[in-house]
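Q: Could you take me through one part of this structure closely, explaining each term as it comes up?

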Amino acid sequence: MTTIKVGNEEELIKKLASYIEKISNDAILNREKFFVGLSGGSVVKYLCEGLPLINTDWSKWSIAFCDERVVPEDSDDSTFGTYSRQLIPKTQLTKEQFIVIKQGVSAEEAAKDYTQKLKELFKSDNFKFDLLLLGMGPDGHTCSLFPGHPLLNETTLKIAPITDSPKPPSSRITMTYPVINNARNCIFAISGSGKADMIKRILKEKEDLPATRVKPEGSLYWIVDNAAAIHL
Ligand SMILES: O=C1O[C@H](COP(=O)(O)O)[C@@H](O)[C@H](O)[C@H]1O
């Protein structure tokens, strides 16, 4: 695991973008494709500001969601909806490059459908992402994997439904650890004093929390700004 400290949110956005540029270009050079998973929450802002700055072959990108809320695409809670409005117009990405959840169905059906879509994307049951871009909530959750929730121990489902998310909206789908920890690279991007206590508990005290359980086969990076890293 590598911890990268930066001064503030602006520097975090630039640092994150530079890592994504390198990882995407390596993947495209070596495998001619780049499979990436995006998160919602504060990561959306970091990516919508940082990604338009990078040099990459956008046509080689396939984009999935580390978790997604089971809501209509035009809802403010839809992670795809937000990227669609705020990222696509600033890059050469098209909507067709995003793997989106099925609309108008239950979380259970959305998770099954999403699993099928990923099987088609990877042409395999082995969902090997080049990069997962992760956030962490102030309670230590990542994706839609919350402290104490039974999904932390899910080993069969790769994409799981959750209908009792403690953070609204309650109905979501999420990657589980068998997919997360199969990734070639995972990057957490964390900014602000509101995350400082949890950063200490996870990175210093190694407390068993959802974000701590992200231990990919590949590389793990935590990019943390000064305000979030104050207790390290
Ligand atoms: O609900 C969610 O929360 C986490 C963390 O969000 P943040 O705003 O505290 O960064 C996010 O990573 C996840 O994708 C999202 O659905």
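A: What follows is a close look at one small sheet and the loop that comes after one of its strands. The model is predicted, with local features needing pLDDT of at least 70 and side-chain atom pairs counting only at pLDDT 80 or more, while totals for chains, interfaces and linings use all residues. Residues are numbered from 1 along each chain as its sequence is written.

The sheet is open and has three strands in the order β4-β7-β6, with antiparallel pairing; strands here are DSSP runs (E, at least two residues) and helices likewise (H or I, at least four), numbered from the N terminus, and two strands pair if DSSP finds at least two bridges between them. Its edge strands, each pairing on one side only, are β4 (67–69) and β6 (159–162). Between β4 and the antiparallel strand β7 (residues 172–175) there are three bridges, and Arg 69 stands opposite Arg 172 in β7.

Helix α4 (residues 107–122) lies across β6 and β7 and runs at about 165° to β6, where axes are lines fitted to C-alpha atoms, for helices over the stretch in contact, and angles run from 0 to 180 degrees between N-to-C directions.

In the loop between β4 and α3 (79–86) we find Val 71, which is partly exposed because 18 other C-beta atoms lie within 10 Å (20 or more would make a residue buried, 12 or fewer exposed, with C-beta atoms placed from the backbone). Leaving aside residues up to four places away in sequence, Val 71 touches Asp 77, Ser 78 and Pro 169, contact meaning that C-beta atoms, placed from the backbone, lie within 7 Å.

Conventions. Contact = placed C-beta atoms within 7 Å.
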